[in-house]
Amino acid sequence: MPNSNPFSSLFNQQALTARLAILRPAAEHDASIQLSLTEAVLKDTSYECISYDRSTPEAIADVATISVDGEEQLVPKALESALRTFRRKERPRTLWADLLVGRTIEERSAQAPAQRHVLQNAERTLCWLGPDQEGKTAEAFKTIHEMARRFSAACTKVGISTDISIARATIQQLTGLRSELNSCSYNDLNSFDFAHWDLIYNIFGSPYWQTVQCISDIVLAKAPIVACGRSNIPWHAYIAASRAMPFYHHQFFKVPLLPHVMKGFDIANQIEIAERRRRLNESVELLPMIQTARDCGAADPRENVFAMLLIATPSARTKIHGAGPQPLPAVDYGKSAQQVFTEAARYSILERQDFMLWYGDRPPCAKRMKGLPSWVPDFGAVAPKIGGLFDPNKGMRGWWDAIQPASARKPIIITSYQPSTPSISASTTSTSPSSPEGEKLALHLQARPLDRIVHVSPIFNAGNCRRLCYTEFRDLPAAPTSDTATRFWRTLILDSGDDRPASSSLRDAPAAPAQLEQHFASLLAEETILHQLGCSTVIELQTPENAARMQASPELMSYVPRCGQAAPYEALLAKNAAGRRFFRTAEGRFGMTAIEDVGAADSSLLSEKAAAEETKAGLGRFMNDPMTRGMLESFQQYLSERDPQAAKVAAQAIRGELTGQMAEGKRRTDGGVQEGDLVVACVGGFFPYVLRPLSRGQSQEETEAGERGKNDQPVENSSEDDGSTYEFVGECYLHGAMDGEDFQTTGLLGRRYFNVDVSKLVDITIV
């Protein structure tokens, strides 16, 4: 019976061969490095793999010369230092490293099919962090070994198994673990030797951990070993030490860990999760591994996909939808990043039969890479670390699982697309091969239209959020009722209340408590006073002139008792609304867009240029960064004492009130949510999505042309597509729709259940 698993090897395991490198011995450490390449049968050969730092273009461009088969070749210095350290004095050593056996596009593409087997069959994988640091690395590794030993012993004592994620531990187990680790004295583990601990931080925060290839190198390895200089530690002991180190760091130093150390911890933790899932024969899906790879910031963005293809296994959802697994895309370094990302997105959608790839991702207007179909994420750009809208396993996904009869639900398919013609080519089915350069792909699905957007606000940030909250509420088309006010303030904060971990979804936190309404009212009162007196800060209100104007106005004085209580609501507003736009629909519903300015929402991405015109000159987008906020507030205080007029200008710059910062009257070219866009619920979707009819206005290519300065006149769309063809604009928050309320009916005893009217489902195409 033929094997139906598309991930099974196409090679004869008994005769599978690969190119390996034989490292010649040398008595002297500084002797030139000499290698010879050989074709070897993997099952009959003892060899080791070298995994090294390829995290940045600079790391790859910093090269050294070695000899390969008698010819000089340039390799990254990180690889050269690994070869020099691992070289023996008397015996040769058989090794594999990617750039030793594949340097050209053709060679790298040719070795890709066998690379999974090469990594799996190696006796050891040596994860090279770098050379010894002034002879002190050995002492640092002794401390790391000791932390690993203590953590393992503490886990055993409280009953945490090595095959269970630490995230699944009970509160009692975590409390016991913390107690065990914190039982040491304050001067334990050389805690007074700051240089010693700096070296430990540099090991855990090594640039190696931002190398995307290290993920597959470790996940597939039989015995991964983390090495630095002549010191090393087994992978599982390294992970144990990485779990213990934050406890000791907090006990000894009482300060936050440095960002590069936290990033190293996070990536190593994601690798450990994938490695454990593979070891336990659980699914390791391509999409979440690509998301992990994106955090590494690969020098070549294609590696975010190519390196993860080596470890991907079929999605568990193939057992649910019955369509069967899809063939993985091929590793081909001759393809562009756009082609690679499109193939990965196509695979993910067809494999899962849903749109999980849109969850918490950048909308098309915030992509850094141009030339992608609107439905394809930019897998080369880091997604903002603020959590997704809601838990994708709850809420809206329930309605499309409830479609009856089951035959009314159609599979999601992807076909070739010709923009100049009204029809979609049916010659390419959902199992067609990857698209060549120039071919466009279209997504075909079912959707239920929910509403049309009639108003969109400027982008919120931590500096302008108070002002925009006031002006958007003031400008509502009808006098707001109590219900309207409640829906409005809940919408702006995405109806999320308490603090939550950065990686969690907003629905992991409870809904916003009703008590926030008085804090919202306080913010409106304060902003009303500021607006009517033409002020930007409370400091300006304290001048004798403005104090007299307030006292002379009974209307303004009536607002005073409500003032001074806005802080709780303002904090949630700055946190949850940052980077998003508020919108209203034709039926009077309120919503918030996806994050269109990633820098305003995630301070780690502040270096990215703002996409929207109205945020280009604003200082408010920097106010989400605590350090920058503190500096700006101190500067404002300094100016207010010395130059009140300059202080007013600075406050206006932060609040987005300067001439040129206001969006009113400007023609937008950023491609974000606009008036006329549609809010829909998609079969296979987890949240409401915003779509733009392709026949209505600017296409993505026209928007990109406008950003290059070709936007003096409105661009007419020359497409002949009918009204069922759209561009994806982004996910959104639509108040009163996030749990599928549009598809729910109240039955006997007040019980709510899904009742989907299939006659309202329409077939649409997204390009």
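In this predicted model, E472 touches H455, S457, P458, F488 and F582 once its neighbours within four places in sequence are set aside. E472 belongs to helix α16, which spans residues 465–474, and although E472 is buried, it has no salt bridge. The nearest side chain of opposite charge is that of R584, 4.5 Å away, and because a salt bridge requires a side-chain nitrogen within 4 Å of a carboxyl oxygen, R584 does not form one with E472.

Two of the residues in contact with E472, F488 and F582, are also members of one aromatic cluster, which they form together with F473, W489, F520, Y569 and F590. The ring of F590 carries the charged end of R487 over it, 4.6 Å from the ring centre, and elsewhere R54 lies over the face of Y52, at 4.3 Å from the ring centre.

The structure holds 31 aromatic pairs, among them the tilted pair of W197 and Y201. These two residues are four apart in helix α7 (residues 194–204) and are therefore separated by about one helical turn; W197 counts as buried at 1% relative accessibility, as does Y201 at 9%.

Another pair, W399 and F743, is stacked and links distant parts of the chain, since W399 lies in helix α15 (residues 397–401) and F743 in the loop between β16 (725–734) and β17 (744–746), 344 residues apart. W399 counts as buried at 0% relative accessibility, and F743 counts as buried at 2%.

| Aromatic pair | Centre to centre | Angle between planes |
|---|---|---|
| W197 and Y201 | 6.0 Å | 55 degrees |
| W399 and F743 | 4.1 Å | 5 degrees |

Conventions: Residues numbered from 1 in each chain as written. Predicted model: local features only at pLDDT ≥ 70, side-chain atom pairs only at ≥ 80, totals over all residues. Heavy atoms only, no water. Buried < 20%, exposed > 50% of the residue type's maximum accessible area, 1.4 Å probe, protein only. Lys, Arg positive; Asp, Glu negative; His and termini not counted. Contact = heavy atoms within 4.5 Å. Phe/Tyr/Trp six-rings, centres within 6.5 Å; stacked < 30°, edge-to-face > 60°. Lys NZ or Arg CZ within 6 Å of the ring centre and 35° of its normal.
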